[in-house]
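Visitor: Please show me the model, and then let me ask about its helices and strands.

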Amino acid sequence: MSYKHRYIPMTEQDEAEMLQTIGAQTIEDLFRDIPASIRYRGTLPMSSALDEQELLKHMKELAGRNADNERFISFLGAGLYDHHIPVVINHIISRSEFYTAYTPYQPEISQGELQAIFEFQSYICELTGMAVANASMYDGATALAEAGALASAATRRKQVVISRTVHPEAREIMHTTARGLGLEVVEIGYAGGVTDLEQLQSAVSDQTAAVIVQSPNFFGCVEDITAIEPIVHARKGLLVVSMNPMAMGLLEAPGRLGADIVVGDAQPLGIPASLGGPTCGFFAVAEPLMRRMPGRIVGQTVDRDGKRGFVLTLQAREQHIRREKATSNICSNQALLALCASVYLSTMGKAGILEAANLNLQKAHYAASAIGSQSGCTLPFPSPFFNEFVVKLPDGASAAELNRGLLASGFIGGYDLGETYPELAGHMLVAVTEKRTKAEIDQFANRLGELV
Amino acid sequence: MKPEKALIFEMSRPGRVAYSLPACDVPESAPADYIPASMLRSKPAELPEVYEVDVIRHYTELSRRNFGIDNGFYPLGSCTMKYNPKINENTARFAGFAGIHPYQPVESIQGALELLYTLQNDLAALTGMDQVTLQPAAGAHGEWTGLMMIRAYHESRGEKRTKVIVPDSSHGTNPASATVAGFETITITSNERGHVDLDALRAAVGPDTAALMLTNPSTLGLFEEQIEEIAAIIHKAGGLLYYDGANSNAIMGITRPGDMGFDVVHLNLHKTMSTPHGGGGPGAGPVGVKSRLIPFLPKPVVAKREDGTFYFDFDRPASIGRVKAYYGNFGILVRAYTYIRTYGPEGLRRVSECAVLNANYMMRRLSNAYEIPYPGVCKHEFVMSGRGLKRYGVRTLDVAKRLLDFGYHPPTIYFPLNVEECIMIEPTETESKETLDAFVDTMISIAKEAEETPEVVLNAPYDTVVRRLDETQAARKPVLNCSCG
């Protein structure tokens, strides 16, 4: 066997010596337990091997055919935002002690990861105002669906009420999850860009396990949680709030507004958009729900010498002990991206998160007025918004066509709301982060005005 | 021993900053002019106030208290901790991959879509399946996705099948995934050779059987030689066969789940395809299906038009729906694709050959010091039992802790559940004979220590930043955050 590869150390001599120790003639002998009838003969019809130079060239070519946010100016959000990523983050997460480690099953040699997660949990509790957070979820959308499932298990009720202002993809996953668990999902419409409270009031009943809202919602509008909370709790359902962690620099923490479960996606906290994944979901609950929380949790304890240390804890909730009684099957999470979020929050600190949130708010409102003054564009929703807002294009204008025109001018335009809200065809969702300069906003508004 | 490590919150000093933000260049108003004061934060989030050097030193010190593959041997059975190639990290960070948004016009992400399309096809070829979805974010997520498709398949035929069968050696996520997909789990015991007991299987199947979930090779490292018969039993009963791909590193290019009779398969790209585990994620768990299940795949799927352009196909009325926002963990898929292209099909076959040779070599060498409950040939991993050391008062956990003093990550312990004092070792193909020999020698010397000076093993580890931790206290009096606010 003369096959050589830079990741494989096996030499011909190693192979011979090892086979001799085993008492086998060839490697083939070690596969004698696989019946001939199911052996694959020949070469699999898949992509061929490339040497390192060719591979880099090939990957650069594929990457080069995508319009990225270094070459294009983005006004696209809809759940994934073009925020500045402090350069320290990549340096930290590129430390291979973090990125090449497994789940911290051996705490004595995993204190770094365990402490980092413990700090992540602390950050999430601080931002959300909740008592307990876990070590992360796959993303914000799956975290939201898990929240619906948890609420159902905790209340022994089968109905989940969800606002249509929640991210459409998160709602889709809630529907998929509900089919597995036999839950009923009821969607509530919106008025003025926020959840329709009258519809909500009449939908919530003694069957309602959870009411799920998002704030700022998919349209960028801030929901009035204080008005929603009594409607849910009057019927002893649980209030689930999905939130943008960046907005939490300015907006009141849902935990102080009576939320029972708070979820969201940490992507705004230093995680690249990367075609939508991987990001990092977070999940926080009020104290009484602690032992029902899905996913991993790190707890503080002491070692034999009384020294502070950290371990994975409350594992009795997890599938390797409860197996078929588990109410969630989440196993690995997004630890490396939780680390991104932690480093981001460490970097921003108390003043930075507020300042960043405020820059988003100011620039988005400037952009809204700039676009709103363009010929024929209006802002249809009167509700307060954070860094994203809906624009109604002049009659007959198509958001998809407009976006093609914008792309040709170097802009990644807003989200075409007609894709998921048929009644909002001709509406565009525009996001403005701290990265956008006044000049970029002005150019964008002008170009938009020219194209419509 | 190192002193206690401060939390970053404990390093905070009012007035320090580690951020740099642009000045506001648009006309500014008070936040309350835009958002009602009642909705604004009543109390700032108490994040630490530190400067950039604090951040760097803090996390650098944490990294030094952590063990990854780049630090040393990680023979964690069923987790496939192989070398994570550096080039994967480079390509995933190319701006054209990391800096793109899923809602961009489809013509502006054609390179990304071509990558996804090619990877779908490559994984289909590797597993012998007809089509693959890349959406699931992890292996367990893939299991659930596969089971939801199985459910939809049976329902589409007007059948109500409520039970999923798993062997007692299965991964814990299998029964959990079955539960979340709305099934009842039936566990069947293995026979004395560690294989599926065909009589037990025959007794368990019936008109209510939705699926059998199996990993092959099993978590004991054994190939189910009677897999074709198992498939026949399940299919005859009208059930489907689900392949847990956690152990795929043993069989690439040698045999394929699709050819064994499996209908649905997931792969853990963070295992078989070398994408880093990241301390517990992100992963990716693509799912492949045979043609009769294609209509139920999560939507959208990446498809190719006749003119050679790629698009997302949402027009799938029988789909189970969406399982993950956007299109899966794309950054992980870029790494997996990069890895596949460093090997090609011949190389991947060699990967499996070397992984299996390494495992058999270690099993043979360790068989004099530890009990090997299932001798013969193993695949890429094998189990041992530490029960022989119990007579000295030493348990498998103690052996694992002693290994830490020698710079190794311990093997998986106490799994699978059907082997007493279980130790499960998986060396992977990327470890050299010298590494394997040194580890085996250490394991043998620990067995000797257990016999001669058991207290040395029982008190281990000695040189780690903390010593054995009180897990009972952690669970009984949970302290789950620093309560800094």
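**Helices, sheet and a loop residue**

Guide: In this predicted model, helix α5 (residues 111-128) of chain A lies across β2, β8, β9 (261-265) and β10 (281-285) of chain A, and runs at about 65 degrees to β10(A).

Visitor: In what order do the seven strands of the open sheet in chain A stand?

Guide: The pairing in this sheet of chain A is mixed. β2 (132-133) and β4 of chain A stand at the edges with a single partner strand each, so one side of each has no neighbour in the sheet. The order is β2-β10-β9-β8-β7-β3-β4.

Visitor: Which residue of β8(A) is the bridge partner of V211(A)?

Guide: Strand β7 (residues 208-215) of chain A and strand β8 (residues 238-243) of chain A run parallel and are joined by six bridges. In β8(A), V211(A) has as its bridge partner L239(A).

Visitor: Is strand β3 of chain A largely enclosed or not, and why?

Guide: On one side of β3(A), Q159(A), V161(A) and S163(A) are buried, and on the other V160(A) and I162(A) are buried, which covers both faces. Buried here means under 20% relative accessible area. Five of the five residues of strand β3 (residues 159-163) meet that description, so the strand is largely enclosed by the rest of the structure.

Visitor: Which residue in β4(A) stands opposite Q159(A)?

Guide: β3(A) pairs with strand β4 (residues 184-188) of chain A in the parallel sense, over five bridges. Opposite Q159(A) in β4(A) stands E184(A).

Visitor: At about what angle does α7(A) run to β4(A)?

Guide: α7(A) lies across β3, β4 and β7 of chain A. Its angle to β4(A) is about 155 degrees.

Visitor: Are α6(A) and α7(A) parallel, perpendicular or oblique to each other?

Guide: Helix α6 (residues 140-155) and helix α7 (residues 168-181) of chain A pack with their axes 8 Å apart, at an angle of about 40 degrees. Angles under 35 degrees count as roughly parallel and 65 to 115 as roughly perpendicular. The two helices α6(A) and α7(A) are therefore oblique.

Visitor: How many residues of the contact of α6(A) with α7(A) are charged?

Guide: The contact involves residues including L144(A) and G148(A) of α6(A), and I173(A) and M174(A) of α7(A). Eight of the contact residues are nonpolar and three polar; the number charged is no residue.

Visitor: Is P217(B) buried or exposed?

Guide: P217(B) lies in the loop between β4 (209-214) and α9 (227-236) of chain B. Beyond its neighbours within four places in sequence, P217(B) is in contact with residues including F223(B), Y243(B) and H380(B). Its relative accessibility is 0%, so P217(B) counts as buried.

Methods: Residues are numbered from 1 along each chain as its sequence is written. Chains are lettered from A and ligands numbered from 1 in the order in which they are written. This is a predicted model: local features need pLDDT of at least 70, side-chain atom pairs count only at pLDDT 80 or more; totals for chains, interfaces and linings use all residues. Side-chain values use heavy atoms; hydrogens and water are left out. Axes are lines fitted to C-alpha atoms, for helices over the stretch in contact, and angles run from 0 to 180 degrees between N-to-C directions. Helices (H or I, at least four residues) and strands (E, at least two) are DSSP runs, numbered from the N terminus. Angles under 35 degrees count as roughly parallel, over 145 as roughly antiparallel, 65 to 115 as roughly perpendicular and the rest as oblique. Contact means heavy atoms within 4.5 Å. Ala, Val, Leu, Ile, Met, Phe, Trp, Tyr, Cys and Pro count as nonpolar, Asp, Glu, Lys and Arg as charged, and the others, Gly among them, as polar. Buried means under 20% relative accessible area, exposed over 50%, partly exposed in between (1.4 Å probe, protein chains only). Two strands pair if DSSP finds at least two bridges between them.
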